[in-house]
There are 2 protein chains.
Amino acid sequence: MGPKLPSDSREKILQAAFAVLSREGYENTSIHDIAEEAGVAQGLVHYYFKSKQKLVLAVLFEVCQKMNVYTAEGTAGALAAFENFKVLLRTQPDAHSLYIQLMGVGLHDKEIGAGIRDNIRMERGHVEDLARQVLAERETDPSPSRAIASVVWAGVIGIMVQKSIDPEFNADEAVDALAAMALSAVYPSGQRA
Amino acid sequence: MGPKLPSDSREKILQAAFAVLSREGYENTSIHDIAEEAGVAQGLVHYYFKSKQKLVLAVLFEVCQKMNVYTAEGTAGALAAFENFKVLLRTQPDAHSLYIQLMGVGLHDKEIGAGIRDNIRMERGHVEDLARQVLAERETDPSPSRAIASVVWAGVIGIMVQKSIDPEFNADEAVDALAAMALSAVYPSGQRA
DNA sequence: CTCCTGTGATTGAATGACCAACCAAGTTTG
DNA sequence: CAAACTTGGTTGGTCATTCAATCACAGGAG
């Protein structure tokens, strides 16, 4: 028999919380349900996570880690990230569904809101870095990279939402169009008056 | 004393529900709170709206009406819509906040989900019509209009989300960039004005 | 080798609060 | 008067959190 790590139950609870939250939805999920899914007693959930809020915060952190798409740099990295996103849309619908829900919760829960906000800022920052690298490769003005990142990340969120809510939504087509628009906008031709 | 319209209380409840839901959040809002805000008895809420779900559905319909941005057609209509959206971001933060929350709720509530889904499809359809008009004005292939609409509406949702969650988000810059990308993408790739 | 004991892990029941929905009785209005 | 409207209390249930009690086990004492 392998050694019984003290964090074994903690991990089971975390996975169960993710499963129940994404399956049943935030407002339909009780600590009791999570404990049942994890196969432990209700009290143990509060032993490892002081409150429901802290547990959901830990789950949010877990979800964010499942959504990483950055595997390379420069133009190739940008193209790869869009491809990775298309794969994630197929393989991680639960994580996306839960993320969308926690966005809503975060609007009125200080801690969860801070978690979501930090995640969005970080992701937008990654996109901005990629945009700057692409612009540098083309030896053009790097100043629009922030605006581009705002739009690209908005598109990512919006595609996630439409895909989650509408099963008929053509996500691949949308991602391809977003990629084309983003990479053509990086050219200096898109200047505004 | 003015004449007491029978629909007066119903309207008061609807407005109160919008106010409390957007201020406190969905899972922190009870029928009791809404009745108190409206200045009526608890039972009256169930008299006019059979259930909490039906009430929220009516509020969702109300919210969607506050988010209309289409005032003209063709390229001018598209530009006007983006400008109207920028105004809405400043004037209707409550409606946007509530809409985002109901997106999350709709993922696990059949009726609210159907309401959100129909709204998204309709909005995307409006954008697609505008895109087709713009492409027609330019006498180019209208086939990419669906993909463009998917990306533009994704951008709209994503900008709403980022603006609601992050007070420091520069929404005007993002909308301008989205407009520029959308209107330049309408050109067939390779041609530049 | 056995017993003892302290500590963290785990249990399940109790607490106190809250809520959606229902209802029976009152009020207004046409 | 009858129908629509309004009231506020009741009901049956759920929930997060707390807590006292039990368990597993490691390691020191005898």
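**Two protein chains and two DNA strands: a quick tour**

Hi everyone. Let me start at the surface near DNA strand D, where the residues fall into 7 nonpolar, 7 polar and 1 charged. Before I go further, please keep in mind that this is a predicted model.

So who sits beside strand D? There are 15 residues around DNA strand D, and those that come nearest are A:Ile31, A:His46, A:Lys52, B:Ala41 and B:Tyr48. Notice that both protein chains appear in that list. Of the atoms of DNA strand D that come within 4 Å of the protein, sugar and phosphate make up 70%.

Let me give you some individual contacts to look for on the screen. From chain A, a backbone N or O atom of A:Lys52 is 2.8 Å from a phosphate oxygen of DNA strand D. From chain B, a polar side-chain atom of B:Ser9 lies 3.0 Å from a phosphate oxygen of this strand. B:Tyr47 also uses its side chain, with an N or O atom 2.9 Å from a phosphate oxygen of DNA strand D.

Which elements give two or more residues to this surface near DNA strand D? They are α3 of chain A together with α3 of chain B. The most comes from α3(B), with 4 residues.

Now over to DNA strand C. Here, too, there are 15 residues around the strand, and A:Ala41, A:Tyr47, A:Tyr48, B:Ile31 and B:Lys52 come nearest. How do the residues of the surface near DNA strand C divide into nonpolar, polar and charged? The count is 7 nonpolar, 7 polar and 1 charged. As for the DNA side, 76% of the atoms of DNA strand C within 4 Å of the protein belong to sugar or phosphate, and the rest belong to bases.

Some backbone contacts are worth pointing out on strand C. A polar backbone atom of A:Ala41 is 2.8 Å from a phosphate oxygen of DNA strand C. On chain B, a polar backbone atom of B:Ile31 is 2.8 Å from a phosphate oxygen of the strand, and for B:Thr29 the distance from a polar backbone atom to a phosphate oxygen is 3.5 Å.

The helices to highlight here are α3 (42-48) of chain A and α3 (42-48) of chain B, each supplying at least two residues of the surface near DNA strand C. For this strand the largest share, 4 residues, comes from α3(A).

Let's step back to the protein itself. Chain A has 9 helices and 0 strands. Its C-alpha trace spans about 60 × 35 × 35 Å along its principal axes.

How are the two chains related? In general, two copies of a chain are related by a rotation about an axis and a shift along it. In this model, a rotation of 180 degrees with 0.0 Å of shift along its axis superposes chain A on chain B, with an RMSD of 0.1 Å. That is the relation of a two-fold axis. The same surface serves both copies, as 96% of the contact residues of chain A recur in chain B.

Two helix pairs between the chains deserve a look. Take helix α8 (residues 145-165) of chain A and helix α8 (residues 145-165) of chain B: their axes come within 6 Å and cross at roughly 100 degrees. That makes α8(A) roughly perpendicular to α8(B). Among the residues making the contact are A:Trp153, A:Ile157 and A:Val161 of α8(A), and B:Trp153, B:Ile157 and B:Val161 of α8(B). Overall, the residues of the contact of α8(A) with α8(B) divide into 10 nonpolar, 8 polar and no charged.

The other pair is helix α9 (residues 171-185) of chain A with helix α9 (residues 171-185) of chain B, whose axes come within 10 Å and cross at roughly 100 degrees. α9(A) and α9(B) are therefore roughly perpendicular to each other. Which residues make the contact? A:Met181, A:Ala182 and A:Ala185 of α9(A) meet B:Met181, B:Ala182 and B:Ala185 of α9(B). The residues of this contact divide into 6 nonpolar, no polar and no charged.

That's my tour. Thanks for listening!

Conventions. Residues are numbered from 1 along each chain as its sequence is written. Chains are lettered from A and ligands numbered from 1 in the order in which they are written. This is a predicted model: local features need pLDDT of at least 70, side-chain atom pairs count only at pLDDT 80 or more; totals for chains, interfaces and linings use all residues. Side-chain values use heavy atoms; hydrogens and water are left out. A residue is near a molecule or strand if one of its heavy atoms lies within 4 Å of it. A polar contact is a pair of N or O atoms within 3.5 Å; within protein, one must be able to donate a hydrogen and the other to accept it, and residues adjacent in sequence count only if both atoms are side-chain atoms. Ala, Val, Leu, Ile, Met, Phe, Trp, Tyr, Cys and Pro count as nonpolar, Asp, Glu, Lys and Arg as charged, and the others, Gly among them, as polar. Axes are lines fitted to C-alpha atoms, for helices over the stretch in contact, and angles run from 0 to 180 degrees between N-to-C directions. Angles under 35 degrees count as roughly parallel, over 145 as roughly antiparallel, 65 to 115 as roughly perpendicular and the rest as oblique. Contact means heavy atoms within 4.5 Å. Copies are superposed by least squares on the C-alpha atoms of residues with pLDDT of at least 70 in both.
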